[in-house]
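User: I am new to this structure and would be grateful for a close look at a single part of it. Please begin with one residue and work outwards to its surroundings.

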Amino acid sequence: MTAVLMGRPRSINVRKALWALDEVGADYRHEPWGEAGLSLNSDAFVALNPNRLVPVYREGEIVLWESNSICRFVARKAAREDLLPQDFVAAAAVEMWMDWSATTLAAAWRYAFMALMRDKPGYDDPGAIARSVTEWNGRLALLDAHLAAGGPYACGDHFTLADICLGLNVHRWRATPIDHAALPALLAYDARLRDRQAYRHWAEPDLA
């Protein structure tokens with residue numbers, strides 16, 4: 001049965017799931033819920049996810065939401081232990097970086113990104129933008145140091161789900177018009193990720 005991934009591609013969380021699906025070569029259909037004609041407030045969507053948020057993954061009777069959970073499911077279903085190891089210690093390291101990107105890192109960039117790239121009402125305080133940029137650069141400096149010490153990928157010598165989550169965040173940082181900190185290991189990491197077709201597809205400039 002063909003899976004369905006529901007969600008507008010402008011969402012970084014939707015693109016995480018789409019990249020994971022492409023990375024494993026999954027048979028799926030993408031429906032851009034959240035765009036015109038596909039309302040997240042519709043009865044059909046709310047029945048699948050009462051949070052009214054994307055992405056949502058459907059496959060037969062399987063319905064999943066939360067992007068990191070979808071990525072984990074996709075990797076496990078495809079038996080891709082390179083993306084999410086069976087060993088619980090190695091898997092925990094992958095999931096640590098996945099969750100850090102969705103919580104600590106996302107909290108740092110949210111205000112600046114919403115102000116500068118989404119022009120969202122209520123995100124117009126110059127001081128708050130400056131603080132967000134400082135914290136964003138600071139959080140990514142931690143990742144830069146980690147990569148410099150132990151790269152080339154977040155969890156060592158091979159690509160995992162952690163790099164999907166982190167890679168899209170690094171792309172978002174590069175695409176946002178801010179004063180970027182000098183983070184050479186991070187830029188080298190981004191260049192490595194660009195060798196992957198799925199990254200190039202889901203990290204286009206207009207999808208920051």
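Analyst: The residue chosen is Glu 59, which is buried, with a relative accessible area of 14%. Since the model is a predicted one, what follows describes computed geometry.

Glu 59 belongs to strand E3. Its side chain makes a polar contact of 2.4 Å with the side chain of Tyr 57. When neighbours within four places in sequence are set aside, Glu 59 is in contact with Met 1, Ala 3, Phe 73 and Lys 77. Of these partners, Ala 3 belongs to strand E1, where Ala 3 and Leu 5 point one way while Val 4 and Met 6 point the other way. These four residues of E1 are all buried. Such a pattern has a general background: side chains in a regular strand alternate between the two faces of the sheet.

The strand that holds Glu 59 may now be placed in its sheet. Four strands form an open sheet, in the order E2-E1-E3-E4, and their pairing is mixed. The edges are taken by strand E2 (28-31) and strand E4 (62-65); each has a single partner strand, so one side of each is left without a neighbour in the sheet. On average, and with direction ignored, neighbouring strands of this sheet are turned by 15 degrees against each other.

Both senses of pairing can be followed strand by strand. Strand E3 (residues 56-59) pairs with E4 in the antiparallel sense, over four bridges. In this pairing, Tyr 57 stands opposite Leu 64 in E4; Tyr 57 is also the residue whose side chain makes the polar contact with that of Glu 59. E1 and E2, in contrast, pair in the parallel sense, likewise over four bridges. Here Met 6 stands opposite Glu 31 in E2.

Helices accompany the sheet. H3 lies across E1, E3 and E4, and runs at about 35 degrees to E3. Phe 73 and Lys 77, two of the contacts of Glu 59, fall within helix H3 (residues 67-77). Helix H1 packs on the sheet as well, touching strand E1 (3-6), E2 and E3, and the direction of H1 makes about 160 degrees with that of E2.

How do these two helices lie with respect to each other? In general, two packed helices are described by the angle between their axes and the distance between the axes. Helix H1 (residues 12-23) and helix H3 pack at an angle of about 5 degrees, with their axes 9 Å apart. The two helices are therefore roughly parallel to each other, as angles under 35 degrees are counted in that way. On the side of H1, the meeting residues are Asn 13, Lys 16, Ala 17, Ala 20 and Leu 21; on the side of H3, they are Ser 67, Asn 68, Ile 70, Cys 71 and Val 74. Sorted by class, this contact has six nonpolar, three polar and one charged residues.

The description may next turn to the loop between helix H2 (43-48) and E3, in which Pro 55 is found. The peptide bond from Val 54 to Pro 55 is cis, with omega near 10 degrees. Asn 49 lies in this loop between H2 and E3 too. At 2% relative accessibility, Asn 49 counts as buried, and a polar contact of 2.8 Å joins its side chain to that of Asn 51. With neighbours within four places in sequence left aside, Asn 49 is in contact with Val 56 and Trp 65. Val 56 falls within the residue range of E3, and Trp 65 within that of E4.

Beyond H3, the chain offers a contrast in exposure. Ala 79 is found in the loop between H3 and helix H4 (88-116). Its phi is near 55 degrees, a positive value in a residue other than glycine. Ala 79 counts as exposed, at 60% relative accessibility, whereas Glu 59 is buried.

To return to the starting point, Glu 59 is a buried residue of strand E3. Its contacts include Ala 3 and Phe 73, and the strand itself pairs with E4 in the antiparallel sense.

How values were computed:
Residues numbered from 1 in each chain as written. Predicted model: local features only at pLDDT ≥ 70, side-chain atom pairs only at ≥ 80, totals over all residues. Heavy atoms only, no water. Axes fitted to C-alpha atoms, helices over the stretch in contact; angles between N-to-C directions. Parallel < 35°, antiparallel > 145°, perpendicular 65-115°, else oblique. Contact = heavy atoms within 4.5 Å. Nonpolar A, V, L, I, M, F, W, Y, C, P; charged D, E, K, R; others polar. Pairing = 2+ DSSP bridges. Buried < 20%, exposed > 50% of the residue type's maximum accessible area, 1.4 Å probe, protein only. Polar contact = N/O pair within 3.5 Å; in protein donor to acceptor, adjacent residues only side chain to side chain.
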